[in-house]
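I set aside some bench time to look up a few aromatic rings and to check how far the model can be trusted. Here are my notes, in the order I made them.

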Amino acid sequence: MMIKKQTAKTEERAAMKRCAIYTRKSVEEGLDMEFNSLDAQREAGENYILSQKSKGWVCLPQRYDDGGFSGGNINRPALTQLLVDCEAGMVDVIVVYKIDRLSRSICDFADLTKKFDRWGVSFCSVTQDINTATSSGRMMLNILVTFAQYEREIIGERIRDKMEATRRKGLWCGGCVATGYTLKDSHLYPNPDEVPVVQRIFRRYAECQSAKTVAMELNAEGIKTRTGFEWNKPRIYRILNNYAYIGKVEHKGTVYDGVHEAIIEQELWDRVHEYLADNINGERPDQTVRLENISPLKGILRCGSCNGPMIAYSRKKKGKVYSYFRCIKDSKRAESTCPVREISAPVVEKLVCDQLSAVFRAPRVLAALTEMAGVEAAAILPVFDGEFWREATSAETRRIIGLLVAGAAIYADRLELEIRSEGIKSIMEEIENENNQD
């Protein structure tokens, strides 16, 4: 008697079909409603499974809902979990409202059906009479999937055509709203809080041609992006290349006149993009050349009037690079008040070299150096004269200034240096070693 009961239970368990309901919605709109599209699909699936109770169909409590995911690919979290459970032997039947809920791609569907066959899992659509256990059912499935993919491609073409037509009219057609603008009633309006930041980015890049410098200055003042991140070069370049700021819209490389207000003048835009083109099309120097172009006063020079650092930057014009130092405090003011403001890097470097030469030629300094190095004054005098600086390479100049100069302050009428005593000692030791070798 006991054996018969166990056999009956085994047969009952074998006849039971565990059904998993899969639901999907392409957009997130409406998912926050109390009863949304996913709930409606699941309810239809539950009712269908209930109608198949005589066949032993049982609805699994686990929900497989993908809200806001396209049917164009199978990279969806709920579907991934469903496939894992199917492979583990936990699912016998997959129930969907329509076959396009599972996939709209013929290739993806073919791959899924192969997996279902291998795992012994059947497939059922509530609104379409499909039975994948028969050849005619599989043929009908392939036909329906073909039409689902066709429908998806037609929808995509319509969306692309609509976007292009909208762009031609200069209207905003979706996507991220550019920094500096606010979206209202599907139109872009200048954001008074962000417009000054965008204008500053364009002005500063036109002055220094360095996205890194612009980003560093914004971060130094605690100015964040709209999303609260720090500025970096890619974010600066995205701002500089956005046609929205001159009242235009771009679509697939074509620029159309927009209906929104421009916040950057055309002349400034043209100047910035002239520099951007020079940086892209100009010859890219190798690492050695870049090192040669680094100013030896970078990180050392300060503005004596404003008591702030002088930041190094360069301008590229007609293939030639011009280097400058600019007072960083003055660059942050609405109007320039610094008497120094900006100075050519080669000019200030020559002033430093001339002053170093003058320092080493001073009688008292010369006497002290002669005693320190134990050599004649005639051996020290030529070390830092004009001919020495003219013949020295950029690397040698950078090394010597780094050894000797602890700080440099530039005023409108003078230059003040802070000399490193330990640097003088190092230089004298080198002179002594060279004399001993001779």
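**Entry 1: one ring, buried or exposed?** I started with phenylalanine 202 in this predicted model. Its relative accessible area is 0%, and the cut-off for buried is under 20%, so I wrote it down as buried.

**Entry 2: its partner.** Next I looked up tyrosine 245, which has a relative accessible area of 1% and is therefore buried. The ring centres of phenylalanine 202 and tyrosine 245 lie 6.0 Å apart. Their planes meet at 75°, and over 60 degrees counts as edge-to-face, so that is what I called the pair.

**Entry 3: where the two sit.** I found phenylalanine 202 in helix α6 (residues 195-208). Tyrosine 245 is in the loop between α8 (233-240) and β8 (248-251). With the two positions 43 residues apart, the pair links distant parts of the chain.

**Entry 4: the wider search.** I searched the whole structure and got five aromatic pairs. Tyr181, Phe202, Tyr243, Tyr245 and Trp269 form one aromatic cluster. I also noted arginine 414 over the face of tyrosine 411, at 3.9 Å from the ring centre.

**Entry 5: confidence.** The chain has a mean pLDDT of 77, with 70% of its residues at 70 or more. Strand β2 (residues 57-59) has the highest confidence, at 93, and helix α10 (residues 287-292) the lowest, at a mean of 36. Residues 1-10 have pLDDT below 50 and zero contacts beyond near neighbours in sequence. Over residues 281-292 pLDDT stays under 50 too, and here I noted eight contacts beyond four places in sequence.

How values were computed:
Residues are numbered from 1 along each chain as its sequence is written. This is a predicted model: local features need pLDDT of at least 70, side-chain atom pairs count only at pLDDT 80 or more; totals for chains, interfaces and linings use all residues. Side-chain values use heavy atoms; hydrogens and water are left out. pLDDT is the predictor's confidence in each residue, from 0 to 100. Helices (H or I, at least four residues) and strands (E, at least two) are DSSP runs, numbered from the N terminus. Contact means heavy atoms within 4.5 Å. Rings of Phe, Tyr and Trp (its six-membered ring) pair if their centres lie within 6.5 Å; planes under 30 degrees apart count as stacked, over 60 as edge-to-face and the rest as tilted. Buried means under 20% relative accessible area, exposed over 50%, partly exposed in between (1.4 Å probe, protein chains only). A charge sits over a ring if NZ of Lys or CZ of Arg is within 6 Å of the ring centre and within 35 degrees of the ring normal.
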